[in-house]
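Q: I should like to learn how to read a protein model feature by feature. May we work through one example together?

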Amino acid sequence: MIPQVRPSEFAGWLQAQPSPPLLLDVREPWELQVASVQPDGFELVAIPMNEIPGRLAELPEDRPIACLCHHGMRSQNVAAFLARQGYPDVANIAGGIDAWSREKDPAVPRY
């Protein structure tokens, strides 16, 4: 079971991590141009979902990874894929960047 972290709970999740976490944004480049989060206490890496299998070497296995997409479905799939590949600490940002805008940062545009 992949942990689900609401954007409103993200700060608490960050503080609870044993090592610096990574936020993996799996949206397409055009989506990143429309709306993006600003790194604050975490590293932000953007890799479109369909490129993840070929770019696993870019993702550290020894750090917590939270996955983000538009509404939370693609990121859930990526988080489950990473877990199957042996990544021990993955989570999904429930509701995606849309929920991030509604719950955490209204300056992030909704689309």
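**Reading a predicted model**

A: Let us begin with a single residue: Pro 18 lies in the loop that links helix 1 to strand 2. Please keep in mind throughout that the model is predicted.

Q: Is Pro 18 buried or exposed?

A: Such a label rests on relative accessible area: under 20% counts as buried and over 50% as exposed. Pro 18 has a relative accessible area of 75% and is therefore exposed. Its C-alpha atom is 8.1 Å from that of Pro 64, although 46 residues separate the two along the chain.

Q: Why is Gln 17 classed as buried?

A: The same cut-off, under 20%, applies. Gln 17 has a relative accessible area of 15%, so it is buried. Gln 17 also belongs to the loop between helix 1 (10-16) and strand 2. Beyond its neighbours up to four places away in sequence, Gln 17 touches Pro 64 and Asp 89.

Q: In what order do the strands of the sheet lie?

A: One reads a sheet by its order, its pairing and its edges. Here 5 strands make an open sheet in the order 1-5-4-2-3, with parallel pairing. Strand 1 (4-5) and strand 3 (43-46) are the edge strands, each pairing on one side only. Strand 1 is joined to strand 5 (residues 90-93) by 2 bridges, and these strands run parallel. Within that pair, Gln 4 stands opposite Asn 92 of strand 5. At the other edge, 4 bridges connect strand 2 with strand 3, again in parallel, and Asp 25 stands opposite Ala 46 in strand 3.

Q: Which residues show that both faces of strand 2 are covered?

A: One looks at the two sides of the strand in turn. Leu 22 and Leu 24 are buried on one side of strand 2, and Leu 23 and Asp 25 are buried on the other.

Q: Which strands does helix 3 touch as it packs on the sheet?

A: Helix 3 touches strand 1, strand 2, strand 4 and strand 5. The direction of helix 3 makes an angle of about 175° with that of strand 5.

Q: Why does the length of helix 3 agree with what is expected?

A: One compares an expected span with the distance between the end C-alpha atoms. At 1.5 Å a residue, the 12 residues of helix 3 should span 16 Å, and the end C-alpha atoms are 17 Å apart, which agrees. Gly 86, which follows helix 3, has a positive phi, near 105°.

Q: Which residues of helix 3 are buried, and why do they line one face?

A: The general idea is that an α-helix has 3.6 residues a turn, so residues three or four places apart point the same way. In helix 3, the buried residues are Ser 75, Val 78, Ala 79 and Leu 82. Viewed down the helix axis, the buried residues fall within an arc of 100°, so they line one face of helix 3. Their cover includes strand 2, strand 4 and strand 5. The face turned away from the buried side carries the exposed residues Met 73 and Arg 84.

Q: Which residues have the most contacts inside the largest nonpolar core?

A: In soluble globular proteins, nonpolar side chains tend to be buried together. The largest nonpolar core of this model has 17 residues, and those with the most contacts inside it are Leu 24, Ile 52, Leu 59, Ile 65 and Leu 82. Strand 2 (22-25), strand 4 (65-68) and helix 3 (73-84) each give two or more residues to this core. Helix 3 gives the most, with 3 residues. Apart from this core lies another, of 15 residues, among them Phe 10, Leu 23, Phe 42 and Ile 93.

Q: What does Ile 52 touch, not counting residues up to four places away in sequence?

A: A contact list shows which parts of the chain meet at a residue. Ile 52 touches Leu 24, Val 26, Ile 47, Val 78, Phe 81 and Leu 82.

Q: With which residues is Gln 76 in contact, leaving aside its neighbours within four places in sequence?

A: Gln 76, found in helix 3, is in contact with Ile 2, Gln 4 and Asn 92. Its C-alpha atom is 21 Å from that of Ala 16, at a sequence separation of 60 residues. Ala 94 and Gln 76 are 18 residues apart along the chain, with their C-alpha atoms 8.2 Å apart.

Q: Where does Ala 94 lie?

A: Ala 94 lies in the loop between strand 5 and helix 4 (96-103). Ala 94 is buried, with a relative accessible area of 11%. Leaving aside neighbours within four places in sequence, the contacts of Ala 94 are Gln 4, Val 5, Arg 6, Pro 7 and Ala 99.

Methods. Residues numbered from 1 in each chain as written. Predicted model: local features only at pLDDT ≥ 70, side-chain atom pairs only at ≥ 80, totals over all residues. Heavy atoms only, no water. Core = buried A, V, L, I, M, F, W, Y, C linked by side-chain atoms within 4.5 Å. Buried < 20%, exposed > 50% of the residue type's maximum accessible area, 1.4 Å probe, protein only. Contact = heavy atoms within 4.5 Å. Pairing = 2+ DSSP bridges. Axes fitted to C-alpha atoms, helices over the stretch in contact; angles between N-to-C directions. Expected span 1.5 Å × (residues − 1). Arc of directions from axis to C-beta.
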